[in-house]
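Here are a few notes to go with the model. Have a look at it first, then read on.

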Amino acid sequence: MHISVLGAGTMGHGIAQVSAMAGHEVTMRDIEDEYVQNGLDAIERNLQGGVDRDKVTPAEMAETLDRISGTTSLKDAVTGADLVVEAVPEDMELKQDTVSEVESLVGDDTIIASNTSSLSVTEIMSALDDPGRGIGLHFFNPVHIMALVEVVVAEQTDTDTLEFATEYVEGIDKTVVEVGDSPGFASSRLGVALGVEAMRMVQEGVASPRDIDASMELGYNHPMGPVELGDVVGLDVRLGILEYLREELGERFRPPQILKRKVRAGKLGKKTGEGFYVWEDGEIVGVSEDVMSR
């Protein structure tokens with residue numbers, strides 16, 4: 001099967017990697033050559049890490065890389081695709097414009113999916129002439145490690161589209177959780193609720209980020225604490241989701257001031273080198289001074 005992934009960032013290159021590892025031919029598209037190359041380089045690093053840990057063989061790495069190509073041309077990326085997965089930034093207008101343009105370039109049988117983590121898939125796919133072909137595929141970061149994919153059924157999604165999406169997800173060795181198109185779906189709504197409360201606790205001086213994270217990792221067996229997870233996902237992404245959920249679901253999702261200040265200061269987490277933690281080479285090396293001083 002030919003898979004087209006639109007976006008070579010954290011989620012996009014992850015979706016491209018797992019699709020190619022499952023034997024699909026993949027074209028990954030972004031708007032600049034630099035972004036495309038960064039995505040391809042990230043995939044190669046992930047695979048090499050798998051080889052180093054004896055999780056991936058050198059042959060599997062080479063075969064996976066051979067199945068992935070990159071481009072800045074949307075037309076080239078989606079031509080002949082059986083499935084197009086958009087992984088562009090979390091902006092409703094951008095996503096609607098993207099899926100609409102995709103529909104004008106693909107055949108009638110191509111399924112169009114959104115990797116949105118919280119926006120309404122029903123609203124995104126309303127931009128299509130045939131919204132029945134639209135569905136949500138919410139992958140989790142890091143895509144090549146996390147086993148879950150939320151299959152989000154929009155109001156317009158038809159049965160054939162749902163069956164296709166479910167088979168694709170199971171075929172890339174992921175577990176399907178089928179959810180209705182409610183704000184935040186299941187995972188983002190619950191995960192953000194935990195994350196925002198953890199940020200409020202930091203803001204109020206209840207405990208340090210390290211202790212809050214340790215309490216959930218050791219006390220509840222979470223693989224990563226909620227403060228660290230916010231840094232990994234991106235504090236700007238967290239803020240955007242909270243603002244959307246507040247609009248849709250009410251004041252319990254009001255973003256805390258500490259998060260707003262972090263985003264305004266450009267301290268977005270792991271990707272910028274500082275959020276609630278300080279990061280170097282993808283690892284935590286300390287706690288942010290403006291958190292320590294609280």
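The points below cover the two domains, their interface and the rings.

1. Keep in mind that this is a predicted model, with local features needing pLDDT of at least 70 and side-chain atom pairs counting only at pLDDT 80 or more, while totals for chains, interfaces and linings use all residues. Numbering runs from 1 along each chain as its sequence is written, and side-chain values use heavy atoms, leaving out hydrogens and water.

2. The chain splits into domain 1 (1–178) and domain 2 (184–287), with bounds from an automatic or database domain assignment. Their C-alpha centres are 26 Å apart.

3. At the interface, 11 residues of domain 1 are in contact with 8 residues of domain 2 (heavy atoms within 4.5 Å). As for salt bridges between the domains, the rule finds 0 (a Lys or Arg side-chain nitrogen within 4 Å of an Asp or Glu carboxyl oxygen). On domain 1, the residues touching domain 2 are 4 nonpolar, 6 polar and 1 charged, with Gly counted as polar.

4. In domain 2's stretch, look at Lys 262: its charged end sits over the ring of Phe 276, 5.5 Å from the ring centre (the rule wants NZ of Lys or CZ of Arg within 6 Å of the centre and within 35 degrees of the ring normal).
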